[in-house]
Amino acid sequence: MGQRRNLSRVSSRKFIPRTSWPHYKFCFISGGNIGFAIIGGLLAKGSTSKQNIIVSDLFEGTRKKVEETLGVRTTTSNSETKQAANVLVLTIKPQVVKSVCEDLFTITNGRALKVVRVMLNTPTLLGEGTSGSFAGARVSEDEKKLVTLMLEGFGKVSKWVDKEELSISGPAYFFLLVEHIAERLAKQPYLSTSRILVEPPESPRQLRVNVTSPKETTKTTLNSFRESSLKEIVTKAVKAAADRGEELGKAAF
C-alpha cells in the first residue's frame with residue numbers, strides 16, 4: 001500500500017496564493033522520509049527559508065538528519081511547533097492521526113482545525129510522486145492553492161479528489177508484478193517502459209497493442225494472463241483498496 005500522510009492547517013488567517021511565503025511558519029510533525037521530501041522541495045524552490053521551518057520528531061536520529069542535511073531547527077514538542085504555525089504539516093501514518101489531532105485540538109484551545117488530507121506514494125522521495133488531496137469543508141480555495149503549490153515542489157502530479165486516491169498504491173502493485181518476473185528479466189526494461197507510459201499521448205491499451213506481435217512470446221504470455229482472469233483479480237483488488245481507503249478516512253477523522 002502506498003504511503004499516506006496528512007497535511008493540516010490550523011491558522012485562521014487568510015493565505016495569499018503565491019510561489020513563496022517568506023512570512024509563514026511551516027511546522028512539521030515528523031521529519032521522516034515524506035516530511036524530509038516536502039521540506040527539501042520547499043527549500044529547493046525557494047518557497048520559504050530554513051528559519052521559517054521547525055520539525056517535531058521523537059527520534060533523535062531523524063532530528064539529527066533534518067538538522068544536518070536541511071539546516072532546519074527541530075524539537076521533540078508538538079506544542080512548540082504549534083505556537084507560531086501558519087501551516088502545520090502532519091507527515092504521519094493514518095492510524096495515529098486521530099490521537100495526534102486530539103492533542104493538537106487541545107493545544108489550539110479547542111479551535112476547529114482546517115484539514116487537508118494528502119495521500120502520497122513512495123516515488124515522492126525521488127521527486128516523481130503522485131498526490132491526491134482531500135479538503136475539509138472549512139478549507140478555502142486560496143488555501144487549496146497553497147497546498148497544491150507545496151506539493152508541486154516535490155512531485156509530478158498533484159490533484160484534488162473526493163475520496164481515497166488509488167494511484168498512490170500503484171507502486172506496490174507494480175513492484176509485485178516485477179517481483180514475480182524479475183528473476184528472469186533485468187529491471188531496466190521496467191524503467192524505460194514506465195517513461196513511455198507517461199510521455200506519449202497513447203493509452204496503456206494501445207501501448208500494449210503496439211508491442212504485441214500475434215505469434216511471439218508476448219502474445220502467449222498475455223493470453224495466459226487472460227486465462228487466469230487477471231482483469232478480474234485486479235478489479236477485485238482495486239475495490240478492496242478503495243474500501244480500505246474509506247475505512248482509514250473515517251477512522252482518521
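In the predicted model, strand β3, which spans residues 53-56, is covered on both of its faces, with I53 and V55 buried on one side and I54 and S56 buried on the other. The strand has paired neighbours in β2 and β4. Strand β2 (residues 26-29) runs parallel to β3 and is joined to it by four bridges, and within this pairing I29 has S56 as its bridge partner. Strand β4 (residues 73-75) likewise pairs with β3 in the parallel sense, here over three bridges, and T75 of β4 stands opposite S56.

The connections between these strands pass through helices. Helix α1, comprising residues 33-44, forms a right-handed β-α-β unit together with β2 and β3, and a right-handed β-α-β unit is also made by β3, helix α2 (residues 60-70) and β4.

Residue S56, which belongs to β3, has a relative accessible area of 3% and is therefore classed as buried, the cut-off being under 20%. Apart from neighbours within four places in sequence, the contacts of S56 comprise F28, I29, S30 and G31, together with T75, T76, S77, N78 and T81. Among these contacts, S30 lies in the loop between β2 and α1 and adopts a positive phi near 95°, although S30 is not a glycine. With a relative accessibility of 17%, S30 also counts as buried.

Helix α2 presents a buried and an exposed side. R63, V66 and L70 are the residues of α2 that are buried; because these buried residues fall within an arc of 80° when viewed down the helix axis, they line one face of α2. Their packing partners are α1, β3 and β4. The face of α2 turned away from this buried side carries E60, G61, E68 and T69, which are exposed. After the helix comes G71, for which phi is positive, near 70°.

A positive phi in a residue other than glycine is also found at S229, where the value is near 60°. This serine is located in the loop between α9 (217-227) and α10 (230-252), and S229 counts as partly exposed, with a relative accessibility of 32%.

Over the whole protein, the secondary structure amounts to ten helices and eight strands. Of the 253 residues, 39% count as buried, and the accessible surface comes to about 15000 Å², with carbon and sulfur atoms contributing 56% of that area. When contacts between residues at least 6 apart in sequence are considered, 71% of them join residues at least 24 apart.

Confidence in the prediction varies along the chain. The mean pLDDT of the protein is 77, and 78% of the residues reach a value of 70 or more. Among the elements of the protein, α2 has the highest mean pLDDT, at 95, whereas strand β1 (residues 4-9) has the lowest, at 45. Over residues 1-17 the pLDDT stays under 50, even though the model has 89 contacts beyond four places in sequence for this segment. Where pLDDT is low, the predicted coordinates should not be read in detail.

Methods
Residues numbered from 1 in each chain as written. Predicted model: local features only at pLDDT ≥ 70, side-chain atom pairs only at ≥ 80, totals over all residues. Heavy atoms only, no water. Buried < 20%, exposed > 50% of the residue type's maximum accessible area, 1.4 Å probe, protein only. Helix = DSSP H or I, 4+ residues; strand = E, 2+ residues; numbered from the N terminus. Pairing = 2+ DSSP bridges. Right-handed = clockwise from strand over helix to strand, strands pointing away. Contact = heavy atoms within 4.5 Å. Areas by Shrake-Rupley, 256 points an atom, 1.4 Å probe, with all protein chains shown as cover. pLDDT = per-residue confidence, 0-100. Arc of directions from axis to C-beta.
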